[in-house]
Amino acid sequence: MTDCSSSTTSTGPSTRAVHAGEIRRKPQHSLIDPIFQTSTYTFDNMAEVCQFQEAHAKGHVADRFEYGRYGNPTVAAAEAHLAALEKAESAIQVASGMAAITYTFLSILRSGRHIIMTDDSYRRTRQFCEEHLKRFNIECTVVPLGDYAALEAAIRPETRILFSETPSNPFMRVLDVERFAEIGRRRGVLTVIDATLATPINLRPIEWGIDLVIHSATKYLGGHNDLLAGFIAGSKRLIDLLREAIGIFGGISDPNTAYLVLRGMKTLSVRVAQQNRTAQQVAEFLAAHPAVEQVWYPGLKSHPGHELAARQMQGFGGLLSFAVKGDRAAAFRFMDALRLPYISPSLGGTESLVLHLAAMAYYDCTPAERAQLGMLDNIVRLAVGLEDAPDLIADLDQALRSIQ
Ligand SMILES: Cc1ncc(COP(=O)(O)O)c(C=O)c1O
C-alpha cells in the first residue's frame, strides 16, 4: 500500500530521515501524511468485498484497507518510513516495544522450541523469555553478550531464535552483528536484534545480515517522551507472517501514535547526531571526574566494545551508565541535586533522564540477584536529551560536587 521511494536509498541520513519510504503524492495534495482516524473501512458493494478477499487469499497487496486491526494508512506510512530507514523490505508498527518483542517470539516459537538471548538485555524482555515462554513449554538459554563460543554451544536442534540487544541496556555492551548473523545463518536459526539504543542512524543490523530488527519507538524514533510504540522490521515474508499473527493478537498501534512517530522520525538524524555528540562529551567529562568511579559508554576507548562499535556503528548513542564514588545514599543525593535531568525511566527523548538502576529498574530483585547482574547501588543511568552539552555538564558537575 506504500512504495519505498528508491530516490532516497543513496542519500544521506538526514535526507532519508525526512523522506524515506514516503509516497510523495498524498491525499488532497497534503504535504504531511494525514491522520486517518477510523476504525473500519467501507466497501461499495459485495463484488468489491469478494475481489478484496480473493486478492488477500493470494497474498496480493490490496490498495485499500478492511478493518483497523489489520491496517491503517497513517500506520502504514510510519511502517514504510521505518522500513526504508532500516533498509528492510517491510515493517510493522505495534503498541509498544514490548509488544514488538513478545509478538515476535510468540509468532515464531511454539511448544518444544528454544530461544537463546544474550545477557544485559532489557529486564522485561528477559522476564518474558524466562518466566512467560516457559508456560508455553518454550525454553530460554541466556549467554553472555560477546561470548560467541557459548552462543554456538547453546544452539540445539529445536533452537529457533537468537536474540540480542546492541548496544545493551544499561551497560552498553556491543554485539558483533555480522558474526551473530553468520552464526544464525550457518546454524539455520533466525537472528533478531533489539536495536532501540542504536537507532537506524547509528546501526542498521539488516545490512549486516540480521533477519529481524526490533525497536521501542517510545525512545529515539518517537523522540519526545510522549508516546509508546514498537516496530519489527525485516523481509516481506517474515513481516507478512507477523502481521497475520498480530492482526489476531490485537496490540496494534493507533493512527495518532503513528502520526507522532512519523513526525519524530523526520528529525531522528539531527536529534541522534546531537545526542551522540553530547553523550560523548558527557562521558569524557564523567570519566575524568574525581567523584566518578566508572563510566560505561562505547564512545570511550576504555569501553570493551569501543573498537567494534567504531567499526559497525555510525555513532555511539545517547545513553550511558556510571558509578559514583560512594554508596546508595551518595547516588541518591547526586540524583536529587540535579536540576536539568528528570528522575524517570525511559530514554531517547528531548529531556535528559536519570535512572537509579538498583532502586528503580531492579527494585524488586534481591540484593544477591542485583549483584549478579552488576546492578550496584552506586550506578546511575543517564539518557542524554537535547539540552546543550555545556549546560548538562555544568549541572552534573555541581551535583557531583555536592557528594564529594
Ligand atoms: C532496549 C529496550 N527494548 C525494549 C523496551 C521496551 O519498550 P516499551 O517501553 O516501548 O515497551 C525498552 C524499554 O525501556 C528498552 O530499553
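**Close-up views of a predicted model**

**View 1. Helix 10, a twelve-residue helix spanning residues 255–266.** From its first C-alpha to its last, helix 10 reaches 17 Å, close to the 16 Å expected at 1.5 Å a residue. Please keep in mind that this is a predicted model. Nine of the twelve residues of helix 10 are buried, so the rest of the structure largely encloses this helix. The buried set consists of Pro 255, Thr 257, Ala 258, Tyr 259, Leu 260, Val 261, Leu 262, Gly 264 and Met 265. Their packing partners are helix 1 (13–19), helix 3 (73–86), strand 1 (90–94) and helix 11 (268–287).

**View 2. The seven-stranded open sheet, with strand order 1-7-6-5-4-2-3.** Pairing in this sheet is mixed. At its edges stand strand 1 and strand 3 (139–143), each of which pairs on one side only. From one strand to the next, the twist averages 20°. For a look inside the sheet, turn to strand 4 (residues 159–165) and strand 5 (residues 190–194), which pair in the parallel sense over five bridges. Here Ser 164 stands opposite Ile 193 of strand 5.

**View 3. Strand 1, an edge strand with both faces covered.** On one side lie Ser 90, Ile 92 and Val 94, on the other Ala 91 and Gln 93, and all are buried. With five of its five residues buried, strand 1 is therefore largely enclosed by the rest of the structure. Its neighbour in the sheet is worth a glance too: strand 1 and strand 7 run antiparallel and are joined by five bridges. Ser 90 has Gly 234 of strand 7 as its bridge partner. Helix 9 (residues 236–249) lies across strand 1, strand 6 (212–216) and strand 7 (230–234), and runs at about 25° to strand 1. Strand 1 is also among the elements against which the buried residues of helix 10 pack.

**View 4. The five-stranded open sheet, with strand order 8-9-12-11-10.** This sheet, too, has mixed pairing. Strand 8 (292–296) and strand 10 (342–343) are at the edges with a single partner strand each, so one side of each is left without a neighbour in the sheet. At the strand 10 edge, two bridges make the link to strand 11 (residues 353–356), and the two strands run parallel. Tyr 342 stands opposite Leu 353 of strand 11.

**View 5. Strand 9 and its surroundings, with five of its six residues buried.** Strand 9 is mostly covered. Strand 8 and strand 9 run antiparallel, joined by four bridges, and Trp 296 stands opposite Ser 321 of strand 9. Strand 9 also pairs with strand 12 in the antiparallel sense, over five bridges; there, Ala 323 has Ile 379 of strand 12 as its bridge partner. Helix 11 lies across strand 8, strand 9 (319–324) and strand 12 (379–383), running at about 150° to strand 8. Helix 11 is one of the elements that the buried residues of helix 10 pack against.

**View 6. The ligand and the 13 residues around it.** Which residues come nearest to the ligand? They are Ser 96, Gly 97, Met 98, Ser 216 and Thr 218. By residue type, the shell around the ligand divides into seven polar, four nonpolar and two charged residues.

Technical notes. Residues are numbered from 1 along each chain as its sequence is written. This is a predicted model: local features need pLDDT of at least 70, side-chain atom pairs count only at pLDDT 80 or more; totals for chains, interfaces and linings use all residues. A residue is near a molecule or strand if its C-beta atom, placed from the backbone, lies within 6 Å of it. Ala, Val, Leu, Ile, Met, Phe, Trp, Tyr, Cys and Pro count as nonpolar, Asp, Glu, Lys and Arg as charged, and the others, Gly among them, as polar. The expected span of a helix is 1.5 Å times one less than its number of residues. A residue is buried if 20 or more other C-beta atoms lie within 10 Å of its own, exposed if 12 or fewer, and partly exposed in between; C-beta atoms are placed from the backbone. Two residues are in contact if their C-beta atoms, placed from the backbone, lie within 7 Å. Two strands pair if DSSP finds at least two bridges between them. Axes are lines fitted to C-alpha atoms, for helices over the stretch in contact, and angles run from 0 to 180 degrees between N-to-C directions.
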